[in-house]
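Please open the model in your viewer and keep the sequence panel beside it. The stops below say what to select next and what is there.

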Amino acid sequence: MSGFQDVRDVMDITGAPDVTARPPPPKKQKTIEKRPDGITRELYALLGENPPPVAIVETKFKERPKWMGKANPWIWKGFENPARSDGLTLYHWERKTEAMDEDLSYRFSKFNVQVDVPTYSDAEYETLKNDDWSREETDYLMNVCREYDLRFPVIWDRYEFPDGKPRSVEDIKARYYSVCRSLMELRTPQNQMSADEIVMFNLLNFDKEREVARKQMAARQFARTPEQCREEEFLLAELKRIVANQDKMAEERKDLFQRLSYPAVSGNGSISAYTGSQGLAQLRDLMVQNSDKNKRKRSAMVQNSADIGAAGAGTAANTPGGGSNANGGAQRDTQAVKKQVRRLSEEEELVFGVSMPEKPTTGVKLRSTMIAPSVKGASAQKMATAYTQLDIAPRLTMPTIKTVKRFEELQTSVGALLDAKKVLEKLEQEARVLKAQLEAKGISV
Amino acid sequence: MSGGMQTLPPTQAPSSVEYGGDEISALVLDPGCAWTRAGFAGEDTPKCVIPSSYGAIGGKEDSKPELVFGDNGINAIRPGMEIKNPMSDGIVADWDVAPQLWRHALTSRLASNLSEHPLLMTEPAWNPPKNREKTMEIAFEDFDVPAFYLAKSAVCASFASGKATCLLIDIGASNVSVTPIHDGFVLRKGVTRTPLGGDFLSNQIRTYLASINVPISAHYQILSKTAVDVGKPAEAVLRQFAPGQEPTASYKTYQEERVLTQFKECAAQVWNGPGPLPPATTPGAADQSFNFGGGRTFEFPDGYNLVFGSERFRITEGIFTPRNMLTHPDIPHPDPETTMGIGSIMASALKDVDIELKGQILNNVLVTGGASLLMGLTDRVNSELGVAFPGPRLRITATGNPVERKYAGWLGGSILASLGSFHQLWVSRKEYDEHGPGIVEKRCK
Ligand SMILES: Nc1ncnc2c1ncn2[C@@H]1O[C@H](COP(=O)(O)OP(=O)(O)O)[C@@H](O)[C@H]1O
Ligand SMILES: [Mg+2]
């Protein structure tokens with residue numbers, strides 16, 4: 001009976017339940033038929049009310065949850081909405097609670113949010129005067145703004161000032177914001193405004209021309225035909241390609257300049273600054289630095305500078321009194337000088353094929369294998385073709401120090417030549433394309 | 001504000017858990033041209049849906065006719081009962097009958113005492129101010145409701161889909177209407193409509209059947225029928241009426257209309273390409289030149305049945321290209337040359353909408369109304385929209401649930417009237433007494 005009681009509790013019905021009004025439904029009498037004589041139990045089981053051949057899972061209701069105490073009643077209660085001024089009483093179901101009798105405010109009334117649309121006095125209107133807007137129309141505008149909570153598209157849609165000019169959304173916005181701004185300035189001079197007010201004041205600055213231009217652009221964008229859409233897509237893809245191409249070109253050009261550049265020589269163009277071992281070390285550093293800028297060429301350059309360093313060592317040894325003990329490079333040089341038993345002149349060195357590499361490699365190697373390959377892969381192939389064109393054997397028959405050095409120089413300049421050629425081709429191609437485009441547009445070059 | 005709770009600061013959005021319903025046992029009435037829908041706010045389907053047509057019995061010269069409402073009333077065979085409709089083009093045309101119809105919808109199953117229930121009614125966006133005032137007058141003077149609100153049915157339908165900004169396309173019985181909505185406000189300048197709704201479609205079917213000399217039989221005429229092959233004459237026993245006991249012509253038309261609605265449900269279809277609908281070769285002749293996806297059989301109440309091929313598409317094509325509508329001298333139809341199709345009214349609806357809203361509105365296109373259930377209609381609306389607006393992104397939404405499609409206006413009203421924050425918008429009896437029916441313009445925007 002507790003379900004029944006719960007219902008009574010929810011409806012807040014008190015008093016003894018009227019039992020007679022609701023007689024319990026008559027219980028179904030289960031009749032068990034007696035098995036007639038002369039029929040075996042098994043046979044009888046097949047007749048009559050058979051138990052089903054498959055087990056039926058007994059459907060059980062969920063157990064009744066155990067509530068503490070009785071169900072909370074609901075009452076049909078009138079309420080007033082503080083958001084209304086007419087005291088309309090509406091009715092709804094409310095849970096009966098202790099706090100019920102206290103005058104609780106309607107919980108949805110806090111959503112009654114209104115926008116601040118400023119009002120002005122007659123005196124204040126003097127500063128708001130505008131040739132285009134009458135006082136009546138301005139009043140009307142402020143009212144519509146309040147009525148439609150500053151939803152300008154709606155305000156414009158409903159704007160119907162009797163005998164007024166047709167107004168655009170921008171006209172309406174411009175007037176509204178200028179009124180707000182002027183009023184704000186009138187009430188608090190600009191230099192007395194707080195930081196927040198300044199922000200607000202600046203926000204109220206409505207740039208009508210810009211807004212109109214922006215809307216026109218948006219309208220043009222909106223009114224595109226399918227062809228224009230497609231063309232735009234195509235142009236965008238083209239632009240992306242050109243930009244990517246340009247980046248690649250710029251990179252390559254930088255590469256090229258890197259190759260062609262040499263450290264700036266001081267004033268008179270003489271190499272006197274680099275004749276000392278200190279000067280040479282500086283030169284080397286400079287060149288390594290230069291090559292650092294270009295990672296791709298780095299290894300090759302280091303190799304070159306090492307060569308130069310080695311050559312420098314030789315030169316330093318020949319320069320009497322050359323090289324101070326001030327820096328590390330020079331120190332090594334002097335050590336080399338000390339070890340030297342007999343000084344060889346440059347000619348002698350050449351004749352005897354003596355060199356003093358900075359980092360001597362272990363073991364014996366053919367000089368021809370020491371030639372640094374300046375390029376690899378596809379460009380090596382191109383270089384080989386260039387050699388054949390120039391009628392130069394790709395391999396030295398007699399790799400002496402001198403020839404190897406010359407060969408390496410040759411390699412570098414052929415590399416530079418090839419790069420220059422590539423860039424030229426690319427530029428020519430670009431020029432052709434641009435020319436074709438100009439021609440297509442009917443501009444003769 | 002009578003103290004207590006403060007409103008939220010205008011810069012703070014309410015948290016989503018704070019939104020909520022508060023049911024005050026309000027009634028919602030959505031009067032359409034074909035159906036009048038009524039129910040309690042907060043429920044998901046109207047409890048009472050009755051035909052807007054009514055029966056008028058007797059009433060020659062001196063006496064007033066007896067009026068009958070509801071399915072049971074008007075579908076019964078009664079000699080001399082005229083079937084009429086108080087609505088025209090979505091708005092009330094007969095102010096004597098409409099209130100009685102509404103009262104029947106509200107009191108026959110829902111509420112016995114209308115003075116206990118606030119009432120929310122829907123109206124089309126083109127309802128003239130006179131009619132709005134009259135509606136409010138009836139609600140307070142005749143129905144004696146404690147509070148009343150008149151909501152735009154388009155706005156309600158958009159709320160039913162959870163949108164506050166959208167383009168609502170309502171394909172009802174008397175017309176097709178397109179309404180741009182921003183933030184729950186109808187943009188009045190964009191409201192457009194064209195008389196190509198369900199009734200037009202019915203007449204197209206009638207025109208087609210007349211052109212192939214197939215009479216429409218109605219269910220009430222048939223006592224029994226036998227199945228016959230496709231195209232074979234019907235073998236049915238017809239109900240015989242004693243002289244003077246026959247139902248009226250308007251009754252027959254109304255009963256035929258029910259058959260035509262069945263035809264729309266199971267046979268009619270909207271052409272969706274590829275390409276425009278190919279013209280008919282000879283009237284009535286089935287042409288095999290292009291693929292219609294097979295024919296559809298439709299059986300009339302007397303058992304006569306036919307397979308419909310390309311005609312299925314021709315009867316609906318007029319909605320989109322009025323120039324191609326079928327015409328018959330005896331059957332009324334709008335002017336094929338000047339009437340606008342759905343595509344053109346969608347385009348003109350957006351003409352006077354702020355450019356900034358267009359994108360958002362086109363991204364939320366909703367299709368509702370009973371006749372929008374036509375097979376293939378939403379796809380066609382989508383492609384027509386794509387032709388009208390090739391540039392911007394379009395997204396069209398049409399619920400797959402036919403009940404929600406037919407009762408979208410009612411459902412939105414039900415949601416609105418059960419929101420706690422809506423209860424401050426009701427026009428109360430006191431306010432009506434103070435300001436008169438003119439208050440409707442101020443409060444129901
Ligand atoms: N499945 C369907 N297919 C096509 N038309 C339908 C379908 N169901 C109903 N209709 C048509 O829809 C119209 C009713 O639509 P409805 O939106 O209820 O109109 P209203 O709002 O004017 O009362 C009728 O003309 C009816 O024939
Ligand atoms: Mg409708």
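## First stop: the ligand

Select ligand 1 and then B:A371, where a polar backbone atom lies 3.1 Å from an oxygen atom of the ligand; such a polar contact is a pair of N or O atoms within 3.5 Å, and within protein one must be able to donate a hydrogen and the other to accept it, while residues adjacent in sequence count only if both atoms are side-chain atoms. Before going on, note that this is a predicted model, in which local features need pLDDT of at least 70 and side-chain atom pairs count only at pLDDT 80 or more, whereas totals for chains, interfaces and linings use all residues. Residues are numbered from 1 along each chain as its sequence is written, chains are lettered from A and ligands numbered from 1 in the order in which they are written, and side-chain values use heavy atoms, with hydrogens and water left out.

Now add B:K264, whose side chain places a polar atom 2.7 Å from an oxygen atom of ligand 1, and B:C33, where a polar backbone atom is 3.1 Å from an oxygen atom of ligand 1. Of the 17 residues around ligand 1, those that come nearest are B:A34, B:R37, B:T261, B:K264 and B:G370; a residue is counted as near if one of its heavy atoms lies within 4 Å.

## Second stop: a sheet of six strands

Select the six strands of chain B that form an open sheet in the order 3-2-1-9-10-21, with mixed pairing. Strands (E, at least two residues) and helices (H or I, at least four) are DSSP runs numbered from the N terminus, and two strands pair if DSSP finds at least two bridges between them. Strand 3 (48–51) and strand 21 (427–428) of chain B stand at the edges with a single partner strand each, so one side of each is left without a neighbour in the sheet.

At one of these edges, strand 10 (residues 147–152) and strand 21 of chain B pair in the antiparallel sense over two bridges, and B:F148 stands opposite B:V427 in strand 21 of chain B. Helix 3 (residues 129–142) of chain B packs on the sheet, touching strand 9 (119–123), strand 10 and strand 21 of chain B, and its direction makes about 150° with that of strand 10 of chain B. Helix 4 (residues 153–160) of chain B lies across strand 1 (27–31), strand 9 and strand 10 of chain B, at about 80° to strand 10 of chain B. Axes are lines fitted to C-alpha atoms, for helices over the stretch in contact, and angles run from 0 to 180 degrees between N-to-C directions.

## Third stop: where two chains touch

Select B:I24, which is placed in the segment before strand 1 of chain B. Is B:I24 buried or exposed? B:I24 is buried, with a relative accessible area of 3%; buried means under 20%, exposed over 50% and partly exposed in between, using a 1.4 Å probe and protein chains only. Not counting residues up to four places away in sequence, B:I24 touches residues of chain A, including A:W76, A:F79 and A:Y91, and residues of chain B, including B:A417 and B:H423, where contact means heavy atoms within 4.5 Å. Along the chain B:I24 and B:H423 are 399 residues apart, yet their C-alpha atoms are separated by 8.8 Å.

From B:A417, extend the selection to helix 12 (residues 408–417) of chain B, which is largely enclosed by the rest of the structure because nine of its ten residues are buried, among them B:W410, B:L411 and B:A417.

## Last stop: loops with unusual backbones

Most residues other than glycine have a negative phi, and most peptide bonds are trans. Select B:D89, in the loop between strand 7 (87–88) and strand 8 (91–92) of chain B, which has a positive phi of about 55° although it is not a glycine and is partly exposed at 28% relative accessible area. B:D183, in the loop between strand 12 (176–182) and strand 13 (185–186) of chain B, also has a positive phi of about 55°, and at 36% relative accessibility it counts as partly exposed. Finally, select B:G273 and B:P274, which are joined by a cis peptide bond with omega about 5°; B:P274 lies in the loop between helix 6 (249–266) and strand 17 (296–299) of chain B.
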